[in-house]
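Biologist: Hey, got a minute to walk me through this one? I'd like to start with who touches whom.

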Amino acid sequence: MSMVYGIRSFIRANLGILTGLVVLCVVIAVLNPNFLTTNNLLNVLRQTSTNLYLALAMTMVIILGGIDLSVGSVMALSGVVTAMLIALFGAPLLLAVAAGLLVGTLFGALNGYVAATTVIPPFIITLATLNIGRGAAYVLTDGQPVRVMSDAFNFIGSGYIGGVLPTPVLYSIIFVILCYLIMNKTKMGRYIYAVGGNPEAARFSGINIRRVKFFAYTFSGFMAGFAGIVLASRMFSGQPTAGVAAELDAIAAVVLGGTSMTGGYGRIGGTVIGALIIGVLSNGLNLIGVSSFWQYIVKGIVILIAVYADVFKRKTA
Amino acid sequence: MPITLPSFIEVERMGQTLLRMSGISKRFAGVHALKGVDFELESGEVHGLLGENGAGKSTLMKILAGIHPVDEGEIFIEGNKVSINSVKDAQTHGISIIHREISLVPHLSVAENIFLGKEPVTKTGWIDWKKMREETRKALQQFGLELSPEMPVKKLTVAQQQMIEIIKAVSFRAKMIVMDEPTSSLTEKEVEFLFQIIGQLKEQGVGIVYISHRMNELFAITDRITILRDGTLIGTVRTEETTTDQLISMMVGRELTQYYIKDSAPVSGGEVVLSVRNLSKKGVLNDVSFEVRKGEILGFAGLVGAGRSELMKCIFGLDSFDKGEIRIDGRPLTVRTPNDAIKNGIVYVTENRKEEGLFLIRSVQYNITIKLLDQFIKWFRVNARFENQKTRQFINELSIKTPSPDQEVRNLSGGNQQKVLISRWLATNPRVLILDEPTRGVDVGAKAEIYAIMNRLVKEGVSIIMISSELPEVINMSDRIAVMYKGGIRTILHRDEFSQETIMHYATGG
């Protein structure tokens, strides 16, 4: 019963954007029926997954009242580090993956530490680490992709579970559940809403604001590291140019999902739909044969319309 | 149009009536803030405006400044009936207000601030910087300020910034300047300088409305004083013909309605729970010492800016202090963060519940339980039953009127919001509850309920510190009253010494 209630409240909370997603799917399916094949739908989910990892953590950071621009670069760096450890140093897979995750987490921790202890705006902090991360990836690889010949490594991002479920989609499911639980069932989740909603009240309530900020940015770094490893695995290589502007797609997904850029309000469920809209859009436009140049323009217009509709709905509600 | 700075102001005949406000009334959402008030200002006069917090002084001046529209009444300027509908209107009529908070743009220079919005331009349409600097230099000289026109305002002292505000006002051809507690953050020497400037303005025929609680200042510079109480005009007196005692008795004298009163016997012998010794913070608090006993209500009276909230923020770990000691149950306590205080049973309910207290877009339940999470959330497991039960308990005990525990707090009335905030802190089982203006902006019914809650708590042995600017409230509810003035405790009164006059006497520096 509570499951049914959960689904119902999910639909009610995200009605506008859900409608948008459905309409989008219908339009694309009419123009190209191949869109609705199981294969293609799984494809959409797989293509959406790395953006979703970033967007889930970005949701927390934005609800907190912050922003993390560094995730695209951190993705590249962690992918490169993992790939190099396997390809050049013959490191065991687990160790290489752990190192990649550690790199991401450390970058996040750096963002979080500076955001928590200084008055530098997070936009600037993460703009700086965006450059540092990207630069580090170039320096390490001398600008060249690092190829990895390892079936085990490739399985991480390109494998199937039970022959049907792509591994990245499995991770998506796990992370959506994890982030939902963090935001709705833990103390940290409530504190994130508190700090983003009214930082002064949080301070007057004795909430440890620094710890909350540190957690959210560190988690964002960890997720970027994870996304970087999955992406590298799917490309059979660590590429220093991977994930350019990925942070913007993540922010777009969060905003499409109804999270307030000023903090304090937002839902993980909304972000999932937001990421799906972006995924469906690029998959569908490809199927219809719209050139990738035009796709940017369409994406931009969709973001504007969706967010405007959302603001409009909230004003009249 | 050429900009006119002070040197160009014509000297007007003294004693000419500049302003006459007649029968001014104003209501805010049911509150009768002003009831038919008359006020007059002559040219070359300094007219003091006196009254307790909430007496209507600011409202009256905001009507004059075009910030609030007037409901009833007429305003005459130099004999002509005028209507003031905007700040711009007020400026056109030569009215200028210097607010307690400086309203200059910190990054801009002195000259840019003075000319903000009326920059002189050259024939080609560019800003005439040379003229701006020249005019500013002249004005600064006239007021005896040795400052460069190019100096960014943020580098000036508060007193200097105030002078710039005055110059700015005069440069608008102000005939009337309202000064709202201008000396609250000035040193003695700076006050002296300000008075010299006021003297100059007087000679030029400018009329000045001077809002202040400091008796010595009112006696030093005003010609007449008008006293308001609860939105009503009590009277206008000539300064030379009055005394501090007379002014105080005109200011106070609200009825001590009996429906809320501490109903338990005054506490005298109980054990000391919290004691504060020699607490000092430079420029804010000056050697403050007091103690609170078990089950006692210690009132804190004083005027805005006396340092009451600042003191409590130090005790609660929101602000640091330079010197002094806080003890709980006799053992010394180090408070670096609010949690240090909370762990030791000291909690602080802020006076600004919307800005510093509540999470407005979240539910009643969320707001009540935010300090209780340790008791019902373990990692990913929420004991929803415990949470609901606690929320219901407080909704019932404090009779919070809300359609459901899931209601967003912003949709509640002021009184119910206040009760939600108090619930949050009661949920931590405090031993010392600090209430800062607990009944501000709540209706009469909710007020009575809050007093009932306080009565219940002290019977259960909780100690309460209550900051209140409402004299009847503080007199009726307190066992003792500490009166603060300029960052220090002027006196601590016992029940048999309570009276509005006595408190006001100490609160105004007597």
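Modeller: Sure. Skipping its neighbours within four places in sequence, L54(A) is in contact with V71(A), M223(A), A224(A), A227(A), A246(A) and A250(A). In contact means that the C-beta atoms, placed from the backbone, lie within 7 Å.

Biologist: How are the residues and chains labelled, and what kind of model is this?

Modeller: Residues count from 1 along each chain as its sequence is written, while chains are lettered from A and ligands numbered from 1 in the order in which they are written. It's a predicted model: local features need pLDDT of at least 70, side-chain atom pairs count only at pLDDT 80 or more, and totals for chains, interfaces and linings use all residues.

Biologist: New topic: what order do the strands of the open sheet in chain B take?

Modeller: The 6 strands go β6-β7-β8-β3-β9-β10, with mixed pairing. Strands are DSSP runs of E, at least two residues, and helices are runs of H or I, at least four, numbered from the N terminus. Two strands pair if DSSP finds at least two bridges between them.

Biologist: Which strands stand at the edges?

Modeller: β6 (95-98) and β10 (232-238) of chain B; each has a single partner strand, so one side of each lacks a neighbour in the sheet.

Biologist: How do β9(B) and β10(B) run, parallel or antiparallel?

Modeller: Antiparallel, joined by 6 bridges. In that pair, T226(B) stands opposite T236(B).

Biologist: And how many domains does chain B get?

Modeller: Three, with bounds from an automatic or database assignment: domain 1 is 16-251, domain 2 is 295-325 + 336-346 + 431-472 + 483-494 + 501-510, and domain 3 is 357-429. The C-alpha centres of domains 2 and 3 of chain B are 24 Å apart.

Note on methods. Contact = placed C-beta atoms within 7 Å.
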